[in-house]
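Me: I would like to learn how to read helix packing from a model. Could you walk me through an example?

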Amino acid sequence: MSRSTPFDTLLVANRGEIACRVMRTARAMGLRTVAVYSDADANARHVREADEAIRLGPAAARESYLKVEAVVEAAQRSGASAIHPGYGFLSENGAFVEALEAAGIVFVGPPASAIAAMGDKSAAKARMANAGVPLVPGYHGDDQDDALLQAEADKIGYPVLLKASAGGGGKGMRVVESGEGFQAALDGCRRESQAAFGDQRMLIEKYLTQPRHVEVQVFCDSHGAGVYLFERDCSVQRRHQKVLEEAPAPGMSEGLRREMGEAAVRAAKEIGYVGAGTVEFLLDADGSFYFMEMNTRLQVEHPVTEMITGQDLVEWQLRVAMGEALPMAQEDLTITGHSFEARLYAEDPEQDFLPATGTLTRFAMDLEGAELDPARVRLDSGVATGDAVSMHYDPMLAKLIVHGNDRTQALATLNRALAALDVQGVVTNRAFLQRLATHPAFQACELDTRFIEKHEATLFAPKQYSIEEYAGAALVGLHQLARECESDSPWDRHDGFRLNAPHTIRIALCDPAHAQDDDDSEAVVVVEGTRERDDAAWHLTIGSETLTARLDPLEGDAVAITLNGHRRRLQARLVGEGSERNVVVIVDPRGETRLFWRRIDAIDHGRQEAESTLTAPMHGTVVALLVEPGARVEKGMPLMVMEAMKMEHTMAAPADGHVASFHFAAGDTVGQGDVLLDFAADE
């Protein structure tokens with residue numbers, strides 16, 4: 001089928017939020033949609049929303065979403081005459097594009113030759129130099145001898161960035177600070193690159209210490225036209241993967257914007273590009289910019305560009321794939337307002353961003369309660385309440401996108417929207433996103449790619465709780481335990497407490513991280529009052545202060561808490577298992593508060609001693625054992641490497657001691673909580 005032939009049925013060769021997002025536009029254009037799925041995704045949201053869905057294979061991506069022949073067969077079975085690849089998986093696989101061309105199926109993306117030109121990052125650098133696009137100093141050669149690579153790194157000067165030549169998305173990438181750590185970093189990068197891309201070739205670049213990551217959205221059609229839809233700042237990253245993105249980039253002059261945009265279009269035209277692509281640059285503090293790579297697909301963060309331009313980039317993709325000309329010329333494109341995107345991941349920032357799995361017991365957003373304009377807030381998600389979060393794929397659950405008249409307004413909207421987002425059942429980075437968005441340096445546009453690392457001390461600082469937070473947590477704990485836990489409710493305890501009689505309750509509250517500590521970190525709240533009338537209030541005493549307090553349940557997990565006449569609406573719930581629902585979570589636009597809740601006037605359940613066993617922090621696969629059984633090790637020494645959700649995680653010795661034995665070998669699959677090895681600490 002030629003590119004100039006319109007199509008009426010679109011297969012989306014992806015999963016999660018991008019599959020749902022592509023199908024949304026396809027339906028609006030009157031196209032029939034076909035989903036594909038693995039066994040792990042049989043009941044996933046993208047499957048439920050498609051007009052038709054076809055199984056590809058087992059849960060492992062290499063046996064399902066990455067299996068070219070299975071995807072082509074699914075298109076043929078369903079009568080789909082076009083395939084949209086989304087991002088990741090087969091989106092930048094030239095062999096896949098060639099297979100579609102042989103089968104007469106339209107690929108919604110660039111030609112295989114363009115993917116090949118940018119997929120090999122070393123060759124791409126040479127072509128960009130020919131096109132007059134600025135490059136970062138580095139080594140992009142074919143000789144991959146270990147000694148030569150280290151010599152090139154020494155020549156460039158540390159720190160250097162090791163990158164998988166065929167890679168993207170932060171896979172197979174390490175910052176190397178000195179020659180001593182080069183070989184270990186190279187070995188790790190090669191393992192990740194082989195697992196993710198089937199290719200161990202590496203390139204080396206000078207690592208700029210304070211660069212911004214600014215990328216330009218480009219679009220080209222099959223008639224030779226090309227435009228740029230301005231830029232996005234994606235500097236806030238963890239593990240080289242973006243967390244917060246915004247458009248336009250703060251502090252950009254019109255001259256620099258035009259210079260970077262025109263360079264991006266030159267890069268695209270150099271390789272005969274067609275469709276949506278993103279040219280990524282490093283922007284140095286002095287205004288110099290350097291080509292980093294080109295992603296030959298739609299980017300995760302494309303919605304912020306849509307927000308400021310008013311254009312649907314997926315619709316542009318589909319129309320260009322049908323052979324149409326670009327919908328707009330460069331002079332017709334304008335910027336309106338400011339937009340942010342926050343990526344919601346199933347991961348635990350407090351545990352070095354370890355991926356999390358589980359079942360979403362609630363996934364909702366209270367726009368009305370947060371008084372947010374639906375036209376200014378967009379939630380692109382691939383999950384819903386009741387869905388399972390698998391260990392097999394990327395941990396991103398959703399993208400929260402907001403728009404404002406300027407950056408300040410957009411940022412305020414982002415904070416309110418994050419507070420209105422209620423996700424339960426799986427640990428997420430939602431609270432961390434709020435800390436990022438409210439950080440003074442972020443608000444002041446002090447951005448670079450090491451933002452999280454630079455501000456780690458404040459982003460992860462122990463929280464200082466206010467009197468209001470302690471009071472709110474005490475009320476929420478009492479109210480929700482009574483509502484949700486019946487026989488385990490404090491109202492049902494045999495200690496004389498009754499709803500309709502005056503009573504005194506003593507509650508201890510502390511940071512959950514210190515719930516097992518035997519110290520004085522707890523705050524004690526004395527609750528006195530009666531609820532025999534609807535308008536009755538509690539009296540709370542915290543230290544030397546006494547407050548008149550009232551809690552009114554609203555819809556869902558929303559509550560209104562009134563303290564001394566000051567009423568605030570917020571999201572509140574208890575988390576934990578069964579009767580041990582003893583952590584209060586309170587969320588409002590200022591951030592998230594988590595407090596361990598314990599009654600100290602009734603049964604004391606005691607404190608469990610913290611264990612020091614080395615267990616699997618998530619489901620995954622053992623990649624390598626780094627020491628021999630019986631080996632003496634020091635605290636912090638790497639012992640073994642696990643892989644989960646396409647990223648490696650190193651398990652380190654918890655103390656000085658020795659490894660008695662390993663319970664698993666390289667290649668074994670482990671479950672969260674499995675004991676990985678027997679470790680004997682020194683006395």
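What follows is a short conversation about helices and their buried sides in this predicted model.

Me: Let us start with α7. Which residues of helix α7 are buried?

Reply: Leu149, Glu152 and Ala153 are the buried ones in α7, which spans residues 146-156.

Me: Why do they end up on the same side of α7?

Reply: The general idea first: an α-helix has 3.6 residues a turn, so residues three or four places apart point the same way. In this case, the buried residues of α7 cover an arc of only 100° around the axis, which puts them on the same side of the helix.

Me: And which exposed residues does the face turned away from the buried side of α7 carry?

Reply: That face carries Ala147 and Lys155, both exposed.

Me: What covers the buried residues of α7?

Reply: The cover includes three strands, β6 (138-139), β7 (160-164) and β9 (202-206), along with helix α8 (182-197).

Me: Then let us look at that helix pair. At what angle do α7 and α8 pack?

Reply: The angle is about 120°, and their axes lie 11 Å apart. The crossing of α7 past α8 is right-handed. On the α7 side, the contact is made by Asp146, Leu149, Gln150 and Ala153, while α8 brings Phe182, Gln183, Leu186 and Arg190. Sorted by class, this contact has four nonpolar, two polar and two charged residues.

Me: Arg190 caught my eye. Is Arg190 buried or exposed?

Reply: Here the relative accessible area is the number to read, and buried means under 20%. Arg190, which sits in helix α8, has a value of 13%, so Arg190 counts as buried.

Me: Which residues does Arg190 touch, leaving out those up to four places away in sequence?

Reply: Arg190 touches Gln144, Asp146, Leu149, Gln200 and Met202. One of these, Leu149, is also among the buried residues of α7.

Me: Now the ends. What should I look at around α7?

Reply: Look at both ends. At the start of α7, a side-chain oxygen of Asp145 comes within 3.1 Å of the backbone nitrogen of Ala147. Just after α7, Gly157 has a positive phi of about 100°.

Me: Let me try another helix. What do the buried residues of α3 pack against?

Reply: In α3 (residues 68-78), the buried residues are Val68, Ala70, Val71, Val72, Ala74, Ala75 and Ser78. They pack against strands β1 (9-12), β2 (32-38), β3 (52-57) and β4 (82-84), and against helix α4 (94-103). Just after α3, Gly79 takes a positive phi of about 80°.

Key. Residues numbered from 1 in each chain as written. Predicted model: local features only at pLDDT ≥ 70, side-chain atom pairs only at ≥ 80, totals over all residues. Heavy atoms only, no water. Buried < 20%, exposed > 50% of the residue type's maximum accessible area, 1.4 Å probe, protein only. Helix = DSSP H or I, 4+ residues; strand = E, 2+ residues; numbered from the N terminus. Arc of directions from axis to C-beta. Contact = heavy atoms within 4.5 Å. Polar contact = N/O pair within 3.5 Å; in protein donor to acceptor, adjacent residues only side chain to side chain. Axes fitted to C-alpha atoms, helices over the stretch in contact; angles between N-to-C directions. Left-handed = near helix turned anticlockwise from the far one by under 90°. Nonpolar A, V, L, I, M, F, W, Y, C, P; charged D, E, K, R; others polar.
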